Amino acid sequence: MALIRLLTRLSGHVHLEQGLGASSQSKRLQHTATHSSSCNYQLLPDCLELNYGGLVMHFDYVWLRDHCRSPSCYNSKTHQRNLDTASIDLNIRPFKSRLDENNLFLTWPDGHITRYNLTWLAQNSYEGQKRSAMQPRILWSADIYSSAKVPSASWDKFMSCDEELKNFLNNFLLYGIAFVEGVPPTLEATETATQRVSLIRETMYGRMWNFTSDFSRGDTAYTKLALDRHTDTSYFQEPCGIQVFHCLRHEGTGGRTLLVDGFHAADAVLQRTPENFELLSHVPIKHEYVENLSEHRNHMIGIGPVLNVYPWNNEVYMIRYNNYDRSVINTVPHDVVRRWYTAHRQLTAELRRPDNELWVKLKPGKVLFIDNWRVLHGRESFCILSFSLHFVYFDYNLITF
């Protein structure tokens, strides 16, 4: 976001007004500030070219009309569009234009005036998106995270103080994990802590679910799955964004939680072997889960690449990695399969590097929030009498900040 910080410090003085007549429709008109060269623009035949703070941006005229933020075109309370996009002439051009210190004004053929803040345009331009991350992040290994000494939120302050909640969410967005300490070891308190952040997502497992293991019976299947690092619900059409772990009871030893920053591993692949990163971010792979119940059968299939990236800047926003849930690879031709396996093996090696493994001992009262689109988790084997772990799923787009 360095670009945005730079733009907010700019204080160029621009105050030239220019009208467009019919005879100038095909000209490349230059509109330049009289006292500063930090901002100028041209009305080209098919788009407006804006040079602001050293960033050259291009805006289609239909885009400029469609994104007008005037009250008649946009509801600023709900952030929803009022304007009917289908009513815009696809050949529309502004009739007049002018620039002041902070804004670009466009007058359309019907007389409607659109005002755009220059910083807003820079932030929302295609060129600006390519140069800035959607969300600032700190990629971490075990040493990087441990050295950062990220504080846990305190239960009492977390529930009563908005500033504590903001600090918690800021740490979560930076690292993909965050903790709350001192939570009563009950299902009700876990639910309360989760709802402080967002709404709980309904799943086939229920609204909230509890995993209880009694090793007098043995749970070897779960233990085998838990040992390897993975993301959850890879078989959902859109995997759950955030999950919450709260150990309600732990009698015995073992059962530490393993956390690995998937984005850190993906970045290592990108830096060392870009062609492997390209394969992992473009080849669609199926994940599936089948559950046979007494009255019906659940069969879920999620399709997507292992690495999901924004196409405009190649920024990873989701990793879908679960070797146990991965289905038959029948979505790519044979001559791509071997190269995909090679790329997948490289990513797996990065995810399994010991220096990338962060081990955390969960105990009653310590709640862990995990970014399931970024951080992989696993669990070491248990040497215990009984263990109770509470799972909650919810999504990014419901976070209250």
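His58 has a relative accessible area of 35%, so His58 counts as partly exposed. The bands behind that word are under 20% for buried, over 50% for exposed and partly exposed in between, using a 1.4 Å probe and protein chains only.

Before you start, note that this is a predicted model, in which local features need pLDDT of at least 70, side-chain atom pairs count only at pLDDT 80 or more, and totals for chains, interfaces and linings use all residues. Residues are numbered from 1 along each chain as its sequence is written, and side-chain values use heavy atoms, with hydrogens and water left out.

**Exercise A: the surroundings of His58**

Task: Find the element that holds His58, then describe the two faces of strand 5 and the pairing of strand 5 with strand 4.

Solution:
- Step one is the element: His58 sits in strand 5. Helices (H or I, at least four residues) and strands (E, at least two) are DSSP runs numbered from the N terminus.
- Next come the faces. In a regular strand the side chains alternate between the two faces of the sheet. For strand 5 (residues 55-60), Leu55, Met57 and Phe59 make up the covered face, while Val56, His58 and Asp60 make up the uncovered one.
- Now the partner: strand 4 (residues 47-52) runs antiparallel to strand 5, and six bridges join them. Two strands pair if DSSP finds at least two bridges between them. Tyr52 stands opposite Leu55.
- Look at the turn too: strands 4 and 5 form a hairpin with two residues between them, and Gly53 in that turn has a positive phi of about 60°.
- Last, a long-range neighbour: His58 and Glu127 are 69 residues apart in sequence, and their C-alpha atoms are 7.9 Å apart in space.

**Exercise B: another hairpin**

Task: Which residues of strand 17 point to the buried face, and how many bridges pair strand 17 with strand 16?

Solution:
- Start with the side chains of strand 17 (residues 297-304): Asn298, Met300, Gly302 and Gly304 point to one face and are buried. Arg297, His299, Ile301 and Ile303 point to the other face and are not buried.
- Then count the bridges: strand 16 (residues 285-292) and strand 17 pair in the antiparallel sense over eight of them. Glu291 has Asn298 as its bridge partner.
- Finish with the connection: four residues lie between the two strands of this hairpin.

**Exercise C: positive phi away from glycine**

Task: Are Lys149 and Thr233 buried or exposed, and what is the phi of Lys149 and of Thr233?

Solution:
- Recall the background: most residues other than glycine have a negative phi.
- Lys149 has a positive phi near 50°, and its place is the loop between helix 5 (142-148) and strand 11 (153-154). Its relative accessible area of 68% makes Lys149 exposed.
- Thr233 has a positive phi of about 50° as well, and its loop runs between helix 9 (220-227) and strand 14 (242-254). Here the relative accessibility is 1%, so Thr233 is buried.

**Exercise D: a helix and a cavity**

Task: Compare the span of helix 7 with the expected value, then say which residues line the largest cavity.

Solution:
- First the span: helix 7 (residues 162-175) has 14 residues and reaches 20 Å from first to last C-alpha, close to the 20 Å expected at 1.5 Å a residue. The expected span is 1.5 Å times one less than the number of residues.
- Phe168 and Asn171 are among the buried residues of helix 7. Gly176 follows the helix with a positive phi near 85°.
- Now the search: three cavities of 30 Å³ or more turn up in the whole structure. A cavity is a set of points on a 1 Å grid over the protein atoms alone where a 1.4 Å probe fits but cannot get out, and lining residues have an atom within 4 Å of a point.
- The largest cavity has a volume of about 40 Å³, where volume is the space filled by probe spheres set on the points, joined across faces, edges and corners.
- Its lining consists of Tyr145, Val150, Pro151, Ser152, Phe168, Asn171, Ala178 and Phe179. Helix 7 and strand 12 (177-181) are the elements that give two or more residues to that lining.
- Sort by class: six lining residues are nonpolar, two are polar and none is charged. Ala, Val, Leu, Ile, Met, Phe, Trp, Tyr, Cys and Pro count as nonpolar, Asp, Glu, Lys and Arg as charged, and the others, Gly among them, as polar.

Methods: 1 Å grid on protein atoms, 1.4 Å probe; cavity = no way out; pocket = protein on both sides within 12 Å on 5 of 7 lines; lining within 4 Å.
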